[in-house]
Amino acid sequence: MTSPADQSARRDGLISASAEGPVPLGRVLVDLRDQIDALRFTLDVPGADAAAVAAREIRDQLDDYVLPRVRAAATPLLAVLGGSTGAGKSTLVNSLVGARVSGTGVLRPTTSSPILVCHPENFDWFMGTDERPPGVLPTMGRVEGPAPDAVVGDQLVVIRTEAVPRGLAVLDSPDFDSLFEDHYGFATKLMAAADLWICVTTAARYADAQVWKMLERAREQGATLGVVLSRVQPGGGEEIAEHFAEMLDERDFGVAPRFTIPETTITDSRLPEDDIATIRAWLMELVDDLEARDEVIAETLGGVLDSFRVRIPQLAKQIEEQVDRRDLLAREVEAAYSTALAELDEATRNGALLQGEVLARWQDFAGTGDLLRALHLRRGKDAPKGSRRRHTAPRVRALKGALRSGLEALILAGAEQGAEQAVTRWQADPAGVHVLGDMAEQLGHVSPELSRRITRAVSAWQDHVLELVRTEGVIKRSIAKLVSFDEEALSVVLMVGIFGYGTSDVVVEGGTSAVPQRLLKSLFGPESLRGMSAKAKADLRSRITMLFDEESLRFHAALDQADIPDESLAVALYQATYNLEVAR
């Protein structure tokens with residue numbers, strides 16, 4: 001059975017029933033506020049700046065209006081007057097209050113600080129006490145009025161007066177089209193905290209784009225609206241009012257109450273009572289009729305919560321855009337190093353490595369007879385079975401060292417190219433520029449320890465080739481009866497053949513590639529040679545790939561340091577939208 005307390009809370013919108021029992025709406029909203037507060041739109045992608053602004057607005061609206069209203073539904077109704085410069089908002093507030101509480105004059109803008117006027121019994125709700133923060137706009141500073149001409153920055157001036165009925169507060173907001181940028185921020189913040197937002201514009205400016213932008217914004221944020229057309233000249237005023245009404249209807253603002261104030265004489269910063277009588281009667285009706293008042297509050301709160309159905313998923317989509325751009329940047333790094341690796345693959349099989357020092361050492365090795373001495377010719381029965389010549393000539397070691405140095409230089413150049421290309425790709429993307437920051441010079445070159453790692457990797461690969469020759473270099477039987485060989489020398493010959501041999505013999509300067517291939521084929525046979533060559537090439541590529549992957553990790557570390565959101569935040573926002581619907 002539902003307790004009377006739960007029934008009351010459900011009527012106030014604090015909790016709702018679910019399969020697991022009551023779900024506290026307040027807790028869901030607090031969780032949503034914390035999730036919004038944790039959002040970050042790090043990367044410069046289309047819509048990121050707008051999403052950051054939208055996130056702040058939702059968070060502020062949760063803090064300034066939604067949470068206070070959900071926690072205490074039976075509180076004063078807040079009517080915020082917003083409008084363009086010179087529309088007469090402050091004059092209208094003074095007229096409704098019956099005293100000069102907000103500054104007016106010919107200088108624009110006249111309202112530099114927002115001014116809230118309420119009944120003395122509602123003062124603590126809006127001003128706050130030592131024990132309790134203000135019931136609305138709790139994140140905004142406060143100063144007690146009256147201070148009609150004071151400029152107190154971003155603080156809210158709160159004035160108590162018996163002229164305002166209990167249960168109502170009127171707030172004079174800064175102009176939303178003011179030359180001061182912070183005034184627009186105040187205007188939108190105060191709009192989001194209003195139970196009732198009254199747009200005040202003039203007969204001369206009602207068609208301005210900014211007026212309709214703010215009306216549309218108020219509707220998107222769930223505000224209940226009223227519209228005042230002021231300074232309507234006699235004679236042609238009716239035609240202007242009718243045109244304004246048509247524009248409201250065309251844009252689906254037809255249900256908003258509309259009021260007209262003629263151009264008239266202002267006395268003591270106030271309008272004649274007859275000119276504001278209909279506006280006063282409308283506000284008094286909302287205060288006197290509790291059902292009408294509660295309906296406005298419920299309509300506005302419901303409208304705000306309804307707006308979250310669209311606004312929260314839009315933030316989630318922007319988080320997904322951040323995740324997608326991070327993935328794209330990561331793929332750009334992979335592409336840069338993949339391109340460098342492909343070019344390195346080509347250089348290791350087209351004979352490009354067999355130039356310069358390597359070529360000179362090969363010609364020295366092959367031309368002085370060391371190549372033939374690496375093969376040992378058996379003579380009759382004097383040679384023991386299975387014996388192999390173990391001597392390795394100095395020229396073999398020199399050739400092996402030249403191959404190692406050449407391969408190391410080639411890998412180092414490939415890694416440098418990969419780093420340069422990765423930075424270039426990132427610099428072509430504003431998001432990549434943001435992630436690079438001041439690291440472009442550092443990331444555009446190889447890491448300082450790469451040279452040592454390359455040396456170890458190449459030495460290990462040469463050892464692997466030697467082991468292949470020892471374990472898989474089975475000599476053809478017809479030759480094995482006559483010839484044994486020096487394993488290290490033959491492994492070097494195999495390396496030369498690998499670096500100069502692709503799908504067919506590639507003859508480079510001095511016939512470098514053709515000689516090793518013919519020799520190796522005659523010793524091992526085509527099948528055995530292809531097997532050893534394939535394994536040696538695959539092992540080398542694997543080692544180079546690992547080196548390049550380790551280098552690319554520096555870019556991934558930069559992405560991690562950039563504090564880019566992950567997809568879990570988007571999922572959490574979609575879940576929060578669902579939780580809110582359930583809790584309502």
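Is Leu137 counted as buried or exposed, and at what relative accessibility? The solution stands in Exercise 1, after a short note on the model.

The model is predicted, so local features need pLDDT of at least 70 and side-chain atom pairs count only at pLDDT 80 or more, while totals for chains, interfaces and linings use all residues. Residues are numbered from 1 along each chain as its sequence is written, and side-chain values use heavy atoms, with hydrogens and water left out.

**Exercise 1. Describe the two loop residues Leu137 and Asp252 by phi, place and accessibility.**

Step 1. Recall that most residues other than glycine have a negative phi. Leu137, which is not a glycine, has a positive phi near 50°, and Asp252, also not a glycine, has a positive phi of about 65°.

Step 2. Find the places, using helices (H or I, at least four residues) and strands (E, at least two), which are DSSP runs numbered from the N terminus. Leu137 lies in the loop between helix H5 (123–127) and strand S5, whereas Asp252 lies in the loop between helix H8 and strand S10.

Step 3. Apply the cut-offs: buried means under 20% relative accessible area, exposed over 50%, and partly exposed in between, with a 1.4 Å probe and protein chains only. Leu137 has 0% relative accessibility and therefore counts as buried, while Asp252, at 62%, counts as exposed.

**Exercise 2. Give the strand order of the open sheet of 8 strands, and name its edge strands.**

Step 1. Two strands pair if DSSP finds at least two bridges between them. The order in this open sheet is S5-S6-S4-S7-S3-S8-S9-S10, and the pairing is mixed.

Step 2. The edges are strand S5 (142–144) and strand S10 (258–262), each of which pairs on one side only. From one strand to the next, the twist averages 25°.

**Exercise 3. Work out how strand S4 (residues 115–118) is paired and how its faces are covered.**

Step 1. Strands of a sheet pair through backbone hydrogen bonds, either parallel or antiparallel. S4 runs parallel to strand S6 (residues 156–160), to which 4 bridges join it; Ile115 stands opposite Val157 in S6, and the bridge partner of Cys118 in S6 is Arg160.

Step 2. S4 and strand S7 (residues 168–172) run antiparallel and are joined by 4 bridges, with Leu171 in S7 as the bridge partner of Leu116.

Step 3. Both faces of S4 are covered, since Ile115 and Val117 on one side, and Leu116 and Cys118 on the other, are all buried.

**Exercise 4. Check the length of helix H8 (residues 237–250), and describe its buried side and its surroundings.**

Step 1. The expected span of a helix is 1.5 Å times one less than its number of residues. For the 14 residues of H8 the expected span is 20 Å, and the end C-alpha atoms are 20 Å apart, which agrees.

Step 2. The buried residues of H8 are Gly237, Phe244, Met247 and Leu248. Seen down the axis of H8, these buried residues fall within an arc of 100°, so they line one face of the helix; the arc is that of the directions from the helix axis to the C-beta atoms. The face turned away from this buried side carries the exposed residues Glu238, Glu239, Glu242 and Glu250.

Step 3. What covers the buried residues of H8 includes S8, helix H7 (209–220), S9 and S10, where contact means heavy atoms within 4.5 Å. H8 lies across strand S8 (196–202), strand S9 (224–232) and S10, and runs at about 155° to S9; axes are lines fitted to C-alpha atoms, for helices over the stretch in contact, and angles run from 0 to 180 degrees between N-to-C directions.

Step 4. S9 has 8 of its 9 residues buried, so this strand is largely enclosed by the rest of the structure. S8 and S9 pair in the parallel sense over 7 bridges, and Ile198 stands opposite Gly226 in S9.

**Exercise 5. Repeat the helix check for helix H11 (residues 356–367).**

Step 1. The 12 residues of H11 should span 16 Å at 1.5 Å a residue, and its end C-alpha atoms are 16 Å apart, which agrees.

Step 2. In H11 the buried residues are Val358, Leu359, Trp362 and Phe365. Seen down the axis of H11, they fall within an arc of 130°, so they line one face of the helix. Gly356 and Gly367, on the other side of H11, are exposed.
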